[in-house]
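Here are a few exercises to work through with the structure open beside you. Try each task before reading its solution.

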Amino acid sequence: MTTPVCTSASDAAPAARQTPPHPRLRPGGGTSVYPSFSSYVRDRQSVLLRAARSLTANPNDAEDLLQTALTKTYVAWERIEDHRALDGYVRRALLNTRTSQWRKRKVDEFVCDELPEPEPVPGGDDPAERQALHDAMWRAITKLPARQRAMVVLRYYEDLSEAQTAEVLGVSVGTVKSAVSRALGKLREDPELGLVR
């Protein structure tokens, strides 16, 4: 992580005796040095960075976001009366900064002559028509008597043979043949299936 803003301000005090301070940090130069800010950042930077990371997916963006929020906090340091609420102040600065970034984000829109539509399936197999037929078939099957419905489902949806269907239902193969034949006749006569076909 990059060093937070002004962390080195307190470390610069011993060196100030040997070299003149930076003009922006000189007393009377318009900006004060806040050792309490530096110690706050040192103590709380890991917690604040976790808060920044919860607002953005990219760790580098989170560090930049925290730097911006800490800069805003540093500028307002003298106006912050209750230093026990600093975490809340920095979190609010993080949230406000991130919200401003979202609002400024440019959304690219491209105008095109035609709407992008999926390519038609070769052979005229329209998925919407297939779904309509599927739904109509199930409605028609539910109209069959329970025994015929069971045989049609086992034969054509479960793909069992006539012998397997007879075994599952405990009837003869001839019973399966005749019941399925009657059921298919009723399905052919169903008006809803006629409309779909």
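**Exercise 1.** In this predicted model, find the salt-bridge partner of arginine 44 and say where each residue of the pair lies.

*Solution.* Start from the side chain of arginine 44: its partner is aspartate 87, with the closest N and O atoms 2.4 Å apart. Next, place the two residues: arginine 44 belongs to helix H2 and aspartate 87 to helix H4, 43 residues apart. Finally, check accessibility. Arginine 44 has 27% relative accessibility and is partly exposed. Aspartate 87, at 16%, counts as buried, because the cut-off for buried is under 20%.

**Exercise 2.** How many salt bridges are there, and which helices does the pair of glutamate 192 and arginine 139 link?

*Solution.* The count is five salt bridges. In the pair asked about, the N to O distance is 2.4 Å. Glutamate 192 sits in helix H9 (residues 191–196) and arginine 139 in helix H5, 53 residues apart. Both ends are partly exposed, glutamate 192 at 23% and arginine 139 at 41%. Another salt bridge joins glutamate 162 and lysine 177 at 4.0 Å, N to O; that pair links helix H7 (162–169) with helix H8 (173–189).

**Exercise 3.** Is tryptophan 77 buried or exposed, and which residues is tryptophan 77 in contact with beyond its sequence neighbours?

*Solution.* First locate tryptophan 77, in the loop between H3 and H4. Its relative accessible area is 4%, so tryptophan 77 is buried. Then leave out the neighbours within four places in sequence: the contacts are Tyr34, Ser36, Phe37, Tyr40, His83 and Leu86. For tyrosine 34, the C-alpha separation from tryptophan 77 is 8.0 Å, although their positions lie 43 residues apart along the chain.

**Exercise 4.** Which members of the largest nonpolar core touch the most other members, and which element gives the most to this core?

*Solution.* This core has 20 residues, and those touching the most other members are Phe37, Tyr40, Leu66, Leu70, Val90 and Leu94. Two or more residues come from each of helices H2 (35–53), H3 (59–75) and H4 (86–104). H2 gives the most, seven residues. Look also for a second, separate core of nine residues, with Ala140, Val153, Ala183 and Leu193 among them.

**Exercise 5.** What joins the side chains of threonine 97 and lysine 72?

*Solution.* Threonine 97 is in helix H4 and is buried at 5% relative accessibility. Its side chain makes a polar contact of 2.8 Å with that of lysine 72. Setting aside residues up to four places away in sequence, threonine 97 touches Leu65, Thr68 and Lys72.

Note on methods
Residues are numbered from 1 along each chain as its sequence is written. This is a predicted model: local features need pLDDT of at least 70, side-chain atom pairs count only at pLDDT 80 or more; totals for chains, interfaces and linings use all residues. Side-chain values use heavy atoms; hydrogens and water are left out. A nonpolar core is a set of buried Ala, Val, Leu, Ile, Met, Phe, Trp, Tyr and Cys residues joined through side-chain atoms within 4.5 Å. Buried means under 20% relative accessible area, exposed over 50%, partly exposed in between (1.4 Å probe, protein chains only). Helices (H or I, at least four residues) and strands (E, at least two) are DSSP runs, numbered from the N terminus. Contact means heavy atoms within 4.5 Å. A polar contact is a pair of N or O atoms within 3.5 Å; within protein, one must be able to donate a hydrogen and the other to accept it, and residues adjacent in sequence count only if both atoms are side-chain atoms.
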